[in-house]
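Dear colleague,

I am handing over the structure below. Please look at it first, and then read the notes that come after it.

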Amino acid sequence: MAHLSIVGMGYVGLPLALAFDAEGHDVVGFDTDEEKTARFRDGEDPTDEVGPAAVSRSEIRFTTEASEIGGSDYYVITVPTPIDEGGRPDLSYVEAAGETVGEALTDGSTVVLESTVYPGATREVLLPVLEAASGLAAGRDFFVGYSPERIVPGNAEKGLADIVKIVSGHDDAALERLCALYGDIVDAGLHRAPTMETAEAAKCLENTQRDVNIALMNEFAFGCQQLDLPIDAREVIDAAATKWNFHEYHPGSVGGHCIPVDPNYLIWQFEQHGFDSALMRAARTVNDGFAGQMVTTTIDALTERTRRLDREREVVNTDGGQVADGRNVDTVARPTGETPRLLVLGFAYKANTTDIRSPVLKDAIEQLQTVVDVVGVDPHVPNERVRRDFDVPVQEELSASGFDGVLLATPHDRFTSLDLDALSSEMNDPPVLVDVTGTYEDEAAAESGFIYRGL
């Protein structure tokens, strides 16, 4: 069995380490985060990807000491690859990992990068760092390859073993070594890419394709909202999907690390060679603009609520203190002029996950906070993380009492099975429901008394 060091213990590195450990390999899990590493040692799962039981029963040696990864047969680098504020690739984590691994390299070792990078980065960025830090030569003294991670967070049906693994090498010998390694843990099979650049581009293309398709659906949904016609974008998609060759995507917020980031790696690399990828850039603009659409839709619904209240108060003035259905005005809403209160349901970018890397939702909330009081609740994300990242008060348990509106931002199971009648009865009347997830039907929401807006 091989001795492996996984460098970077995040949502990619941990499942890899566990998979290799389960096959009997000697595995070291290296990360520079001392708090996270200590939690791993205590049998916890700070990534919330596999659960504490899987960590506890493994024999992985978790460490922050670079000296403990020396002499490994394989080094698998799974570190973050973000973009800067200008959308440019930030490979500083890859370079730092390359220096750490390079100092530990010995003759015959193999290094494989799994982090998403632009085409050419493994050869142009990582490889020189490894050679400089080790004093060794790739292809002669050690082997280098690229194999993109393809894990889908929150998808229990498609785990690491169930997804075809793309593998590539600096040369044929490196490719064969990586095929032997990954063949131990991947049941779905391996795809041998002809070059590392092909494998790098493939990973970027996977998520760029999703970004473009989601952008199309978002733009279509935004356009439908402008039409003075009885048309709902999601119902149109359902109808179109009855044709066998229609590829079904739905409007929504794009979050997480991959889809909002990976297209920028292609856009940037193409621009460096004089090509303007207009379609990819437009898709990014449309999907980033979903925040504005969320805000506009929410404000529109709350404005409609104000108009209804104004009409009911006119009835009060003419009918001696009673609104049209006989209720006293004091039971209808808080005094006019007060800032509306909005309860946001969900901060994770994906249902039933803990990942709150959702720049679109964060942007929307920041805009909404200028005109409404925002409170949140998420059963999957620790409250302190929501407070830290979104700067909003957070409920321990969902309670809509005293709120004027609800914004359903994440379709967690807890939120997709709500009793709309009960929810409506808790809220200030008339209640608002803004559903950007497509969970609820407008007719059902209206029957429960909501002013409903969907996307």
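The notes below cover a pocket, a sheet and a nonpolar core.

This is a predicted model, in which local features need pLDDT of at least 70 and side-chain atom pairs count only at pLDDT 80 or more, while totals for chains, interfaces and linings use all residues. Residues are numbered from 1 along each chain as its sequence is written, and side-chain values use heavy atoms, with hydrogens and water left out.

The second largest pocket (on a 1 Å grid over the protein atoms alone, an open set of points where a 1.4 Å probe fits, with protein on both sides within 12 Å along at least five of seven lines) has a volume of about 1000 Å³, taken as the space filled by probe spheres set on the points. Its lining, meaning residues with an atom within 4 Å of a point, numbers 39 residues, and Arg210, Ile214, Ile259, Tyr349 and Lys350 lie nearest the centre. Helix α7 (residues 196-226) gives the largest share, 5 residues; helices are DSSP runs (H or I) of at least four residues, and strands (E) of at least two.

An open, parallel sheet is formed by 5 strands in the order β10-β9-β11-β12-β13, where pairing requires at least two DSSP bridges. Because β10 (373-377) and β13 (451-454) at the edges each have a single partner strand, one side of each is left without a neighbour in the sheet.

The largest nonpolar core (buried nonpolar residues, under 20% relative accessible area with a 1.4 Å probe, joined through side-chain atoms within 4.5 Å) has 37 residues, of which Ile77, Leu91, Val101, Leu105 and Leu130 touch the most other members. Its largest share, 5 residues, comes from α5.

Best regards

Methods: Buried means under 20% relative accessible area, exposed over 50%, partly exposed in between (1.4 Å probe, protein chains only).
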